[in-house]
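User: Please take a close look at one part of this structure, and then work outward from there to other parts. Plain words would help, as I am in my first year.

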Amino acid sequence: MSWQDILIESGLWLAKAYVLTVLAGVITVWGLRRYTRWGEQFWRLSAEFFSPRRNWRPLAGVALILLLTLAAVRLDVLFSNWYNAMYSALQALNAPGFWAAMLLFALLAAVHVVRSLFDFYVQQAFVVHWREWLNERLLKNWMDQQAYYRSQSLSHLADNPDQRIQQDITSFATNSMTLAVGLINASVSTIAFTAILWHLSGPMTVFGYEIPRAMVFLVFIYVFIATLLAIWIGKPLIRLNFLNEKLNADYRYALVRVREYAESIAFYRGERVEGNTLRNWFAAVIGNAWDIIYRSLKFLGFNFVVTQTAVVFPFIIQAARFFSKQISLGDLIQTAQAFGQLQTNLSFFRNVYDSFASYRATLDRLNGFNETIDRARDMVLPHSRQDGGRLALQGVTVRRPDGYALLKDLDMEVIPERPVLVRGPSGAGKTTLLRMIAGIWPYGSGEIIRPESASLFLAQKPYLPLGTLREALHYPAPVDQVPPGQDEAILDLVHLGHLHDKLDVQDDWSRILSLGEQQRLGFGRLLIARPDAAFLDEATSAMDEGLEDAMYRLLREQLPATRIVSVGHRSTLRRHHGAELVLQGEGGGWRLSPIAAS
């Protein structure tokens, strides 16, 4: 056959195979989405990514990857024909035919190398873009409407969001590509090599019956039985891989907590308890790892036996025809090569079943995470509205997630001239009331009137982002065109003047600064932000009474128009407030009374 004939035949083959594969692919995707749980999960995660209304590039990438995959199958067919031609030339001692076969190999090998490298780049680039889109989608959903906070009380399916967003997205995109390309290659290659094997196969007599093209039927029956057994052996790997990811993530989280609370653990001399806890978590990880090893040994051992046994089948079956000179050495070698290729293609699902098990577990985790986020975003928050600078609560009831009322029918208005101090026993709902006012607590009812401009909340342990001290001082606002000397003056006001030269130093400031210094930095944020309303939750608990008095006097001097609500236990706080809200902690009772000026 001439080079021109090979090119024309290959072009026609690619065109036909491309059209048929696209049609089969569309039907397969529709069927998987409609009739399988994991197909529906995949669709929910990525349908928008492949939508041409959003962007045509992903579909164009799929089209190119499909073309390169079919080209790989066509090259495998041409290599199979080359084996026949080369070995036939050797058997016939045909030197010109042998060297022509070597030239053909050089050309096919060159095309194969170029196609493989280009295919690698296209697939990897596609996966990177897919990961970028998935990361942005999950990150946006997680951050929007404070779902990252609300989802904490909803479901264990939202645990370890760091793993879901970083590791599971990477695994999902990579394995989706690997499995899809492998399935297409195996399916198309099966058809192509079945035709080759059909042409080379001869009849075989079984129990007195002659079976035409027996080798084709034999390989299909052999692989079908082997696949059923492999699925039965490997099915527990789905659950074990799911547990592997979860247990490793839990162990990693436990390690992070030790680092986060290192000082407290050290003060308590809690090394032995924490060490035992970590060892218990790790023991669960290792126990599951051994379960995976033992199950994988059975699965891989079965696969090895099936694969190695299949190597000699074509030679045994075709040996009689070869020795009787019905077929040439090239035919025999091509038969073995086609049989092996066909057996590999038909065994695709059996060979990747452990990978598919891990893939199913990843789909379950990502969809569980998405469902929890959706539920968190769908939570109905208490009604709120804006009315100038007013801060008021009308008929507000605060409940725990289990429905127990912490506070019932609270009516209160906060004015700048009369800051409100919230007190009560532990567990009465003081901090939860602040969450309700902030609009992040969904378990309650009533109407909340908040100022039109932003409010600022100071927690007992302020959040300090990674970065410079200046960025921590301005958080959550960006550091933008700060007037010279402003931040230094703010630090002086909150008794942190010794940190002037550290303002532009990047570090983990939550680790470097004491809790008292962090709380004073929070007061610095208030002075910079100048909000209409400020909520202080035990914001001076780590300060001595002198610093506490200085910070509250500073607020009244610098922010006279700010409405202030404080949560605290110290009686010394009363002198800085004009009203006191006492939560009784039983049955949702409360008492609001003025505080006499001292």
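Analyst: **Two packed helices and their surroundings**

Helix α18 (residues 515-529) packs with α19 at an angle of about 5°, and their axes are 11 Å apart. The model is a predicted one. Two packed helices are described by the angle between their axes and the distance between the axes. Angles under 35 degrees count as roughly parallel, and α18 and α19 are therefore roughly parallel to each other. Which residues meet where α18 and α19 pack? On the α18 side they are R520, F523, L526 and L527. On the α19 side they are L547, M551, L554, L555 and Q558.

Another residue of this region is I528, which is touched by H474. H474 itself lies in helix α15 (residues 469-474). Leaving out residues up to four places away in sequence, H474 also touches V479, V482, Q486 and D487. Is H474 buried or exposed? Its relative accessibility is 8%, so H474 counts as buried.

Helix α19 also takes part in a pairing of charges. Side chains of opposite charge can pair when their charged atoms come close. R575 and D549 meet through their side chains in a salt bridge, with 3.5 Å from N to O. D549 is in helix α19 (residues 545-558), while R575 is in the loop between β12 (563-567) and β13. The two residues are 26 residues apart, and the pair links distant parts of the chain. R575 has 46% relative accessibility and counts as partly exposed. D549, at 17%, counts as buried, because buried means under 20% relative accessible area. Elsewhere, salt bridges with shared partners join D387, R390 and E413 into one network.

How many salt bridges does a search of the whole structure find? It finds 18 salt bridges. One of them joins R423 and E580, with the closest N and O atoms 3.0 Å apart. Here R423 lies in strand β6 (residues 420-423) and E580 in strand β13 (residues 579-583), so this pair ties together parts that are 157 residues apart in sequence. R423 is partly exposed, with a relative accessible area of 21%, whereas E580 counts as buried at 6% relative accessibility.

A salt bridge can also sit within one helix, as with E40 and R44 in helix α2 (residues 37-46). The closest N and O atoms of E40 and R44 are 3.2 Å apart. Why are these two residues separated by about one helical turn? Because they are four residues apart in helix α2. E40 is partly exposed at 38% relative accessibility, and R44 is partly exposed at 37%.

The next kind of pairing is between aromatic rings. The count comes to 23 aromatic pairs. In one of them, the ring centres of F98 and W99 are 5.1 Å apart and the planes are at 75°, so the pair is edge-to-face. F98 is partly exposed at 22% relative accessibility, while W99 counts as exposed at 59%. W130 and F172 also form an edge-to-face pair, with 5.5 Å from centre to centre and 70° between the planes. W130 lies in helix α4 (residues 95-143) and F172 in helix α6 (residues 161-200), so the pair ties together parts that are 42 residues apart in sequence. Both are buried: W130 has a relative accessible area of 3%, and F172 has a relative accessibility of 0%. Ring pairs link W130 and F172 into a cluster, which also includes W38, F42, F49, F50, F126, W133, F356 and Y359.

Helix α3 (residues 57-91) has 35 residues. From its first C-alpha to its last, α3 reaches 51 Å, close to the 51 Å expected at 1.5 Å a residue. After α3 comes L93, whose phi is positive, near 55°.

N81 gives a sense of distance across the model. Its C-alpha atom is separated by 100 Å from that of A596, and the two residues are 515 residues apart along the chain. A596 is placed in the segment after β14 (590-594), and at 68% relative accessibility A596 counts as exposed.

Key
Residues are numbered from 1 along each chain as its sequence is written. This is a predicted model: local features need pLDDT of at least 70, side-chain atom pairs count only at pLDDT 80 or more; totals for chains, interfaces and linings use all residues. Side-chain values use heavy atoms; hydrogens and water are left out. Rings of Phe, Tyr and Trp (its six-membered ring) pair if their centres lie within 6.5 Å; planes under 30 degrees apart count as stacked, over 60 as edge-to-face and the rest as tilted. Buried means under 20% relative accessible area, exposed over 50%, partly exposed in between (1.4 Å probe, protein chains only). A salt bridge is a side-chain nitrogen of Lys or Arg within 4 Å of a carboxyl oxygen of Asp or Glu. The expected span of a helix is 1.5 Å times one less than its number of residues. Axes are lines fitted to C-alpha atoms, for helices over the stretch in contact, and angles run from 0 to 180 degrees between N-to-C directions. Angles under 35 degrees count as roughly parallel, over 145 as roughly antiparallel, 65 to 115 as roughly perpendicular and the rest as oblique. Contact means heavy atoms within 4.5 Å.
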